[in-house]
Amino acid sequence: MHELAMVRSIYDVISEKIKEYGVKKVKEVKLIVGELTGVEDMTMKSCFEIYVQATPVEGASLIIERVPVKVRCRICGNEYETKIPFSECDVCGNKSFQIIAGKELYIESLDVE
Ligand SMILES: [Zn+2]
């Protein structure tokens with residue numbers, strides 16, 4: 001499962017922080033998730049809940065902040081937000097662009113004890 005692999009890598013990062021700072025309990029994890037990652041909030045939350053059982057992260061609330069997809073037009077350089085399916089540039093009408101946001105998946109903050 002897609003989300004499970006992501007939860008595993010997120011947990012690895014958290015677990016390093018726990019060791020590094022001698023954290024006893026994690027109360028809240030805030031995640032930044034781009035629209036292009038294909039992550040579903042509910043699936044992510046339930047995978048997370050199960051995965052962190054019997055760890056210092058158990059019971060922590062998972063806050064997911066979504067990042068919209070943003071692209072830069074290769075023709076005129078215009079930057080715009082779009083959804084899937086991608087729309088053409090609203091300045092020049094072309095559909096050739098570079099994705100500049102929407103693939104994010106990282107921990108923004110940890111609330112710990
Ligand atoms: Zn353009």
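# Exercises on a three-stranded sheet and its helices

Ile 64, in strand E2, is the bridge partner of Leu 31. The model used in these exercises is predicted.

**Exercise 1.** Determine how strand E1 pairs with E2 and with E6, and derive the strand order of the sheet.

Solution.
1. Take E1 and E2. Strand E1 covers residues 26-34, and its pairing with E2 is parallel, over 7 bridges. Besides the bridge from Leu 31 to Ile 64, Glu 28 has Ser 61 of E2 as its bridge partner.
2. Take E1 and E6. These two strands pair in the antiparallel sense, over 7 bridges. Here Val 33 has Leu 105 in E6 as its bridge partner.
3. Combine the pairs. The order is E2-E1-E6, in an open sheet of 3 strands with mixed pairing.
4. Look at the edges. Strand E2 (61-67) and strand E6 (105-112) each have a single partner strand, so each has one side without a neighbour in the sheet.
5. Add the twist. On average, neighbouring strands of this sheet are turned by 20° against each other, direction ignored.

**Exercise 2.** Place helices H1 and H2 relative to the strands, and state the handedness of the β-α-β unit.

Solution.
1. Helix H1, residues 2-21, packs on the sheet and touches E1 and E6. The direction of H1 makes about 40° with that of E6.
2. Helix H2, residues 41-51, lies across E1, E2 and E6. H2 runs at about 150° to E2.
3. Follow the chain from E1 through H2 to E2: the three elements make a β-α-β unit, and the unit is right-handed.

**Exercise 3.** Which residues of H2 are buried, and why do they line one face of the helix?

Solution.
1. The buried residues in H2 are Met 44, Cys 47 and Phe 48.
2. An α-helix has 3.6 residues a turn, so residues three or four places apart point the same way.
3. Viewed down the axis of H2, the buried residues fall within an arc of 100°, and therefore they line one face.
4. On the other side of H2, the residues Met 42, Glu 49 and Ile 50 are exposed.
5. The partners of the buried face are H1, E1, E2 and E6, against which the buried residues of H2 pack.

**Exercise 4.** Describe the largest nonpolar core and the contacts of Phe 48.

Solution.
1. The core has 20 residues. Those with the most contacts inside it are Ile 14, Val 26, Val 29, Met 44, Phe 48, Val 57 and Leu 62.
2. Two or more residues come from each of H1, E1, H2 and E2. H1 gives the most, with 6 residues.
3. Leaving aside neighbours within four places in sequence, Phe 48 is in contact with Val 7, Ile 14, Val 29, Val 57, Ala 60 and Leu 62.
4. A second core, separate from this one, has 6 residues, including Val 69, Cys 73, Cys 89 and Phe 97.

**Exercise 5.** Where does Cys 92 lie, and is Cys 92 buried, partly exposed or exposed?

Solution.
1. Cys 92 is in the loop between strand E4 (79-82) and strand E5 (97-101).
2. Buried means under 20% relative accessible area and exposed means over 50%. Cys 92 has 32% relative accessibility and therefore counts as partly exposed.
3. Not counting residues up to four places away in sequence, Cys 92 touches Cys 73, Ile 75 and Cys 76.
4. Asn 78 is 14 residues from Cys 92 along the chain, and their C-alpha atoms are separated by 8.6 Å.

Technical notes
Residues are numbered from 1 along each chain as its sequence is written. This is a predicted model: local features need pLDDT of at least 70, side-chain atom pairs count only at pLDDT 80 or more; totals for chains, interfaces and linings use all residues. Side-chain values use heavy atoms; hydrogens and water are left out. Two strands pair if DSSP finds at least two bridges between them. Helices (H or I, at least four residues) and strands (E, at least two) are DSSP runs, numbered from the N terminus. Axes are lines fitted to C-alpha atoms, for helices over the stretch in contact, and angles run from 0 to 180 degrees between N-to-C directions. Contact means heavy atoms within 4.5 Å. A nonpolar core is a set of buried Ala, Val, Leu, Ile, Met, Phe, Trp, Tyr and Cys residues joined through side-chain atoms within 4.5 Å. Buried means under 20% relative accessible area, exposed over 50%, partly exposed in between (1.4 Å probe, protein chains only). The arc is that of the directions from the helix axis to the C-beta atoms. A crossover is right-handed if, with the strands pointing away from the viewer, the path from the first strand over the helix to the second runs clockwise.
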